[in-house]
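Student: I should like to take a close look at a single part of this structure and to follow it in detail. Please treat the matter in one connected account.

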Amino acid sequence: MFNLHQNLSPQPVPAEPDSIVGWQAQSAITREMFTQKVTTWHASISQIPQHKIALYLSDSIEFAAALFAAWHAHKTVVLTADTLENNCRNLAKEVDVFIGEFPDQYRTQLETQTKTQPQTPLPAASPTHPVFLPAMANTFPALIVYTSGSTGEAQAIPKQWSQLSTEIATLESLFGEKLGSATIYATVSHQHIYGLLFKVLWPFATGRAIYAEALNFPEQLQQHLATGACALITSPAHLKRLPAHLDWVKIKTQLRAVFSSGGPLNADSVEAVQLLWGQTPIEVYGSSETGGIAWRQRTKKHKDGWQVFPQLAWRIAADNNLLEIQSPHLPDTNWFRLADQVNAIDQQHFQLLGRQDRIVKIEEKRISLDLMEKALLTSGLVLEARLLLNTELLVEQGSQRQNICAFIVLTEQGQTILQTQGKFTLNQQLRSILSKHVETIALPRRWRYLDALPVNAQGKTTQAQLLALLENVEQGQDKLEFEDGSNALKKQPTKPNWRLLEQEPERILLEIIVPKDLLYFEGHFPIAPVLPGVVQVDWAIHFGRQYFALPTNFCGIQALKFQQVICAETPVYMELIHQPQKLSLQFRYFSDAGQHAGGRVLFEPAQTQC
């Protein structure tokens, strides 16, 4: 059995203390420096009496140090995708120790636990056993991870040591030679199993350096991927919005591989990556429960087929075409049935047909959301579609009603109809397309037209994010289109249409579109409406209070700049960074055109004045 401390790379893992294990911003982290990080974390974690600990650190190198230290202390690490209140509250039912960037009311103060306790040293290093990588029994309960929540409530999934080690061995056997000594960059978070394996465990087990920070913007990718031999761990959400105007020429000579997981890439995204980066993405199919199952690169042969991982047995259930697997990435040798329907191509390849668990019931009628989405996608009007069953409470009748909500990203043809003929006409056209496949009772009652589907840090669209778009209506932040083309809100808006793109404990990224009938456009200016600067500051504070625990009283603004105007109906990004220790909220507005505005809002400390 492969252990994480064993060397699988084509070249031996460097034994020199000054060899580089990764980069934090511009600073190189040597093997010796990283080992000291592990030792420091171990001194604290080893004194914790509890067996399970929750861990959240956004810096991948610091996270790896804490993770390895916890394993050296024989702790089971519980990973959460974010530190939102609801997730923390649910975690508190399972664990008593929270390590890392959790809110103050949950975070465990390790220093107070270890002041009077003796420190437990790490085992000595050897040429074949790096001190920072522990060797554990195969059955050691190493992790508890959570499903993404894209098909329902997130579920806890335990992972034994053997599951992690065998999956890393699989990845190295398949792709190690292609990567060579490439530095690993990522747009996805290590707090999910895909990012954890590909960005942290696999590189550390094979001696490849990693870049600690997640690359959230195309400009960051352009800068970092051109500096040397590299590989990128990413998702469809990032690859489908690569700007063609950036200079990607240098990247073609440095990029060894692009990995994508979280959902299938559309053909346009594959072609864009091939054209701009000179690489065909390696798509990985799997789940939190199963680990990796199969992979593909879009070549002429088996263009849409998935090639199963080695040592994995698979079959198709005769009664419903569901995929069943036996895999060393599972905790036992039993057959595991997935909710994905497949079609066999040959012994090593299959085609994905859709998920069975997206069958819903409306008034006892079985409805396939996958079937409806595919019908919309073949219309020529829809680029992306996500349908969701929603339950409404009918207060007057004291009962509930279920209906389907449609979240749609339009093609250019669809956009033309929307702009020239209106939402009612477009709604009716799409309903007419769906009526050929489902009964009237199943047609969506609510339609949302978006520039892009919201995604989380793992690049996935979750049900919670989609439901939040419906909740925005109650806050007066957005408009909701019904089947008759009417609006849920008629008042003149004072906030932009927006969606959450990325969220971290102290950072969020929103995409906003300023509606052309915004109240603040009146008189500013008659020829071409321009968003006033004071409104931009107000919106930054408004969304800052929505996502962060900001102090009550405003104190002042520093480094305020307005570089380019923001006009109506133009997508713009708003990035907010909360710095609680500085009592400040840093904001910036930017788009493909460059920086629009930015500044730092200051707040008063509690019971003091500026």
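Which residues of helix 10 (residues 267-277) are buried?

Tutor: The model is a predicted one, and what follows should be read in that light. In helix 10, which spans residues 267-277, the buried residues are Ser269, Val270, Val273, Leu276 and Trp277. These residues lie on the same side of helix 10, because they cover an arc of only 150 degrees around the axis. The general geometry of such an element accounts for a pattern of this kind: an α-helix has 3.6 residues a turn, so residues three or four places apart point the same way.

The other face completes the picture. Turned away from the buried side of helix 10 is a face that carries Asp268 and Leu275, both exposed.

As to what lies over the buried residues, the cover of helix 10 includes both helices and strands. Among the helices are helix 7 (218-224), helix 8 (236-239) and helix 9 (249-254). The strands include strand 10 (230-234), strand 11 (255-261) and strand 12 (282-287). Just after helix 10 comes Gly278, which adopts a positive phi of about 70 degrees.

For context, one may turn to another helix and the sheet it packs on. Six strands form an open sheet in the order 25-26-28-29-30-27, with antiparallel pairing. Its edges are strand 25 (497-504) and strand 27 (554-562), each of which pairs on one side only. On average, and with direction ignored, neighbouring strands of this sheet are turned by 15 degrees against each other. Helix 15 (residues 533-547) packs on the sheet and touches strand 25, strand 26, strand 27, strand 28, strand 29 (584-591) and strand 30 (594-603). The direction of helix 15 makes about 120 degrees with that of strand 29.

Within this sheet, strand 25 is mostly covered, with 6 of its 8 residues buried. Strand 25 and strand 26 form a hairpin with 2 residues between them, and 7 bridges join these antiparallel strands. One bridge pairs Glu502 with Leu509 in strand 26. On to the next strand in the order, 6 bridges join strand 26 (residues 507-513) to strand 28 (residues 572-579), again running antiparallel. Here Ile508 stands opposite Leu576 in strand 28.

To return to the part in question, helix 10 has a buried side formed by Ser269, Val270, Val273, Leu276 and Trp277, while Asp268 and Leu275 are exposed on the face turned away from it.

Terms used. Residues are numbered from 1 along each chain as its sequence is written. This is a predicted model: local features need pLDDT of at least 70, side-chain atom pairs count only at pLDDT 80 or more; totals for chains, interfaces and linings use all residues. Side-chain values use heavy atoms; hydrogens and water are left out. Buried means under 20% relative accessible area, exposed over 50%, partly exposed in between (1.4 Å probe, protein chains only). Helices (H or I, at least four residues) and strands (E, at least two) are DSSP runs, numbered from the N terminus. The arc is that of the directions from the helix axis to the C-beta atoms. Contact means heavy atoms within 4.5 Å. Two strands pair if DSSP finds at least two bridges between them. Axes are lines fitted to C-alpha atoms, for helices over the stretch in contact, and angles run from 0 to 180 degrees between N-to-C directions.
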